[in-house]
Amino acid sequence: MRTNDLKRWGLTKEQSAKIMGQFGRDVTGLRKEIEKLTAERDKEKERAQAAEKYYAEELAKRDFEDALKEAIEGCQFTSEAAKKAIMEEVREAGLKVMGGKILGLSDFLTQLKEKDPAAFVNEQQEQLETERARPFTRPLNGGRPSERFF
């Protein structure tokens, strides 16, 4: 609204000044309200973005942990402590998950097996020990425990 518009409508200079003063106060109050609402909106927008980022990170961590647990199930470790230490090294390596699989995990585990072979069960050695543990004799009566020998 302009003073010229008011004069065109037939208002006097004093009437126009009073109306413009009231209009100015109204506009100033509305501008302050707009600034306040804009600041609140921006604050809430930042909170929403922070929450979205936080939950995206949490989901990524969960996906990584699920993929790690699934991948580690296929490995045999000499102890639970060795398993936990290897899992922690994998976490710290910064590997990424894609499609439910950890990219580069098999190469990383190969490096860890070379670096710390005592943490992993040597499958060949275990098989040799299992074969050595087999009894070299057989039961006399064909393995029937119901018959007694006197």
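**Group meeting: helix H4 and a tyrosine pair**

Okay, let's start with helix H4, residues 105-115: the buried residues there are Leu-105, Phe-108, Leu-109 and Leu-112. Look down the axis of H4 and those buried residues fall within an arc of 100 degrees, so they line one face of the helix. Keep in mind that this is a predicted model.

What do the buried residues of H4 pack against? They pack against helix H2 (13-72), helix H3 (80-92) and strand S2 (101-102). Now flip to the other side of H4, and you find Ser-106, Asp-107 and Glu-114 exposed.

Let's zoom out to the whole chain. We have 5 helices and 2 strands, and from the N terminus on they run α-α-α-β-β-α-α. Of the 150 residues in the chain, 14% are buried. The accessible surface is about 12800 Å², with 52% of that belonging to carbon and sulfur atoms. On contacts: take those between residues at least 6 apart in sequence, and 44% of them join residues at least 24 apart.

Last stop, the aromatics. How many aromatic pairs does a search of the whole structure find? Just 1. That's Tyr-54 with Tyr-55: the ring centres are 5.0 Å apart and the planes sit at 75 degrees, so we call the pair edge-to-face. The cut-off for that label is an angle over 60 degrees.

And are these two tyrosines buried or exposed? Tyr-54 is partly exposed, at 44% relative accessible area. Tyr-55 has 52% relative accessibility and counts as exposed, because the line for exposed is drawn at over 50%.

That's my tour, over to you.

Note on methods
Residues are numbered from 1 along each chain as its sequence is written. This is a predicted model: local features need pLDDT of at least 70, side-chain atom pairs count only at pLDDT 80 or more; totals for chains, interfaces and linings use all residues. Side-chain values use heavy atoms; hydrogens and water are left out. Helices (H or I, at least four residues) and strands (E, at least two) are DSSP runs, numbered from the N terminus. Buried means under 20% relative accessible area, exposed over 50%, partly exposed in between (1.4 Å probe, protein chains only). Contact means heavy atoms within 4.5 Å. Accessible areas come from the Shrake-Rupley method with a 1.4 Å probe; for residues, only the protein chains shown count as cover. The arc is that of the directions from the helix axis to the C-beta atoms. Rings of Phe, Tyr and Trp (its six-membered ring) pair if their centres lie within 6.5 Å; planes under 30 degrees apart count as stacked, over 60 as edge-to-face and the rest as tilted.
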